[in-house]
Each structure stands twice: as C-alpha cells, then as structure tokens.
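Hi,

Here is the structure I promised to pass on to you. Have it open while you read, and my notes on what turned up follow right below.

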Amino acid sequence: MRTQIYQILYSDRRPLAHNVVKALILLSVAAVVAIAMIKTLPRFDLVADAIMNTVRMAAMAVLTIELAARFWVAPEGATHAFDNAIPDAARKDEVSGSRFAYLRSSLGLVDLLVVLPAWANLLYPISPHWFELTAALSLFKLSRYVPALSLVTAVVARQGRSIYAALVVLGILLVCSATVIYMVEYETQPAHFASIPHSLWWAISTMATVGSGDIAPITPIGRIVGGIAMVFGIAMFAVPAGILASGFAEELRKRDFVVNWQSVARVPLFARLDANAIASVAQLLKPRSVSANQVIVRRGDIADSMYFIMEGEVEVDITPNPVRLKQGDFFGEIALVENVPRTATILSLTNCRLLVLETVDFEHLTTQIPDLKDQIKRISDKRLPDQ
Ligand code: CMP
C-alpha cells in the first residue's frame with residue numbers, strides 16, 4: 001500500500017490517481033491563498049465568513065493528510081529500506097533517516113510550515129495573520145507540479161556561487177556608500193542621514209536606481225558620491241541579472257533532451273547497426289531525465305524497461321562492492337532477458353539522462369535484430385554471477 005501511495009504522490013505510473021491527488025492539492029493551495037486574500041478585504045457578512053472558514057479547514061485537512069502521507073511513504077525513495085539482505089536495525093535506521101530527510105528537504109519544510117502553524121494557531125490563537133503567512137508559503141508547494149518553478153530553483157541552485165559572489169560585492173558597495181554619504185551629509189541633514197543604517201536606505205534605493213526621492217544628498221560632495229553610487233549600482237545590479245539569464249538559457253538547453261539519430265548512434269550497443277536500424281531504434285527509445293540520488297530501479301520489482309545512460313553516473317547496489325555505471329553503459333536488462341524480478345537496486349549518483357526501452361519494444365527490437373539480444377545477454381551473463 002505504501003508503494004502504491006508513493007507512486008500516486010510522486011510518479012505518473014498511476015496517471016489517473018496521480019492527477020486526482022495533484023488536482024486536490026492544487027485546489028487546496030488555491031483555496032487557502034484565495035481565502036487569505038479575500039479575508040483581508042473589508043468585513044463580510046457572517047455566513048460568507050463561516051463558509052470561507054469551513055472551506056479553509058477542509059483545504060488545511062487535505063494539506064495535512066498530504067504531509068502525513070509524504071512522511072509515511074518517504075522510505076520508498078530510499079535504496080536499502082526494503083532490502084531483506086541487510087540487517088533489521090540498519091533497515092529501520094534507513095526508514096527513519098529517509099523520513100527525516102524528507103522533513104529537512106526544502107519542500108518537506110514548506111509542507112510542514114504550511115500545516116503546523118495553522119493548526120497551532122487554532123489551538124492557541126497567537127496572531128490573526130498566521131493564516132495569511134502560511135497561505136503565502138503554501139504557494140511554494142506548486143514547484144512540485146509547475147515545471148517553470150523547478151526551473152527557477154534549479155537555476156538558482158546551479159548559479160548559487162556566482163550569485164553569492166555578486167551579492168557579496170553588492171553588499172560591500174552598499175555599506176561603503178552608506179558610510180561615505182553619512183560622513184558627508186550628516187552635518188547638513190542630521191534628520192535624514194541620522195546614522196549609517198538610516199543612510200543604507202538611501203544607498204539601496206540609489207544603487208538599485210529606484211531613487212525613492214524621500215532623502216537625497218544636497219552637499220556637492222554628497223551629490224558626487226550619489227552619482228558614483230548610481231553608476232556602480234547599474235553595473236552591479238546587472239551582474240546577478242546576467243548570471244540568472246545565462247543560467248536559464250543553459251538549464252533550458254539541458255532540459256530540451258530529445259532522442260535523435262546521433263544520440264542513439266553514440267550508444268556503444270547500437271553503434272555498429274546500419275543507419276536505417278539506428279533510425280528505427282531511435283523511434284522506440286524514450287528520453288528520461290533523473291536527478292541525483294533517485295532510485296531508478298528497485299531490487300525485487302517487476303521490470304517494465306531497460307535503460308541506456310546518455311549522461312551521468314548510477315550505482316548498482318550489489319554486495320560486497322557496489323558497481324558504478326556511466327555514459328554508454330546500460331542496465332535493467334537482466335530482468336528482461338531472464339524474465340525475473342529486478343536483481344539489484346540502482347541509484348542515480350548524479351543528474352542523469354537516460355534512454356528508456358520498454359519491455360514490448362525490447363521484445364520487438366530483439367526479434368528484428370537477434371544479434372542485439374545476444375550481445376545484451378553476453379553482458380547480463382557476465383553480471384549475473386556477481387549477484
Ligand atoms: P535488472 O536485474 O533488470 O535490474 C537491476 C540491474 O542492475 C540489472 O538488471 C543489471 O542491469 C544491473 N546489474 C546487476 N548486477 C550487476 C553487476 N554485477 N554489474 C553491473 N550491473 C549489474
């Protein structure tokens with residue numbers, strides 16, 4: 001049952017149930033956010049208020065059940081949690097470890113922070129604004145379902161170091177200009193440039209070229225400092241924008257992963273086929289991108305496909321020594337060739353791009369090109385004794 005709920009929550013292996021649950025979660029988030037916004041408008045009559053409170057409670061109940069379910073099924077994403085070959089204690093550790101890893105992950109934290117304060121506030125009303133805050137926070141849950149949001153997170157994560165460096169320089173320039181403007185303007189405008197923290201507001205609005213206009217230097221030196229701050233501001237604020245723009249372009253290029261003749265010809269197993277055969281193989285293979293630390297294949301599962309690694313590295317979890325497979329290698333073939341359940345669990349070590357060959361297509365292809373099946377079998381026979 002846990003595996004089924006995991007698949008419903010995280011994968012589209014059960015498209016109908018997955019889409020129903022997804023719609024329910026998205027509706028609940030929309031309801032929580034809409035009600036929080038509407039409730040800040042001037043007062044409604046009591047009936048409308050009561051209806052909104054009921055809908056909000058129902059939506060919060062859905063989000064709470066979602067949190068509990070994700071917490072419960074978290075071990076399904078772990079490698080060893082169901083491996084009977086490892087000792088009970090280690091298995092229990094892995095189960096609780098993966099649950100806490102879920103709670104510590106950024107989305108797990110959002111799930112928790114949306115639900116906990118809202119219920120805590122019902123028991124001990126602390127502030128009427130709690131619901132508004134948790135409603136705004138619940139919007140981050142959308143990143144599970146809206147690819148554009150995950151794109152932003154991926155870009156920020158990838159470009160994190162460059163953005164950090166640009167922000168540090170920006171911070172230094174802000175503090176320097178606030179200090180200098182305080183030194184030169186304090187005597188003339190003690191009310192506006194009362195301290196360095198007060199002057200920071202001027203520095204930020206000047207360097208961001210917003211110029212809110214509420215405070216401005218009036219001494220000649222102050223104006224020179226202001227002019228320099230504006231020029232540097234344009235240059236420095238443009239840096240993070242440029243980094244993000246190139247990050248977006250790079251990430252989009254990476255995600256635009258299609259199976260074409262060239263990519264199939266690069267797989268060593270297919271490299272010696274003639275051009276027509278490669279073209280027909282290309283039609284059968286489906287692209288799949290997997291992020292790091294994901295279980296791709298789990299020992300004991302019924303197989304539905306085999307995989308070719310186009311980019312990245314995976315680990316075959318076999319004892320005593322796990323094996324690493326990389327670009328050009330394939331896996332998941334033993335179950336198809338021998339008609340047995342998966343013989344090992346496979347975990348992605350890095351972000352991977354895979355080509356997937358489903359069982360029916362495998363049968364079709366190996367009937368058409370029997371030599372291919374012999375080659376695959378030769379490799380799977382070599383791998384089998386190590387089990
Ligand atoms: P399959 O049993 O379908 O799923 C797990 C996969 O792990 C298996 O196919 C092989 O592709 C791979 N595998 C199993 N044992 C080894 C090994 N000793 N070396 C490399 N790969 C292996």
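The buried residues of helix 15 (370-383) pack against strand 3 (305-311), strand 6 (330-331), helix 13 (333-338) and helix 14 (359-368). Contact here means heavy atoms within 4.5 Å. Helices (H or I, at least four residues) and strands (E, at least two) are DSSP runs, numbered from the N terminus.

Before you go further: this is a predicted model, where local features need pLDDT of at least 70, side-chain atom pairs count only at pLDDT 80 or more, and totals for chains, interfaces and linings use all residues. Residues are numbered from 1 along each chain as its sequence is written, and side-chain values use heavy atoms, with hydrogens and water left out.

Back to helix 15. Which of its residues are buried? They are Leu 372, Gln 375, Ile 376 and Ser 380. Buried means under 20% relative accessible area, exposed over 50%, and partly exposed in between (1.4 Å probe, protein chains only). Looking down the helix axis, the buried residues fall within an arc of 130°, so they line one face of helix 15. That arc is taken from the directions from the helix axis to the C-beta atoms. Arg 378 and Lys 382, on the other side of helix 15, are exposed. As for length, helix 15 has 14 residues and reaches 20 Å from its first C-alpha to its last, close to the 20 Å expected at 1.5 Å a residue (the expected span is 1.5 Å times one less than the number of residues).

Now for the sheet. There is an open sheet of 4 strands in the order 2-7-4-5, with antiparallel pairing. Its edge strands, strand 2 (295-297) and strand 5 (323-326), each pair on one side only. Two strands count as paired if DSSP finds at least two bridges between them.

Try finding strand 7 (345-348). It is joined to strand 4 (313-317) by 4 bridges and to strand 2 by 2 bridges, running antiparallel to strand 4 and to strand 2. Ile 346 is the bridge partner of Val 297 and also of Val 316, while Leu 347 stands opposite Glu 315. Both faces of strand 7 are covered: Thr 345 and Leu 347 are buried on one side, Ile 346 and Ser 348 on the other.

Finally, zoom out. The domain assignment (automatic or from a database) gives domain 1 (2-145), domain 2 (160-251) and domain 3 (274-386). The centres of domain 2 and domain 3, taken over C-alpha atoms, are separated by 55 Å.

Cheers
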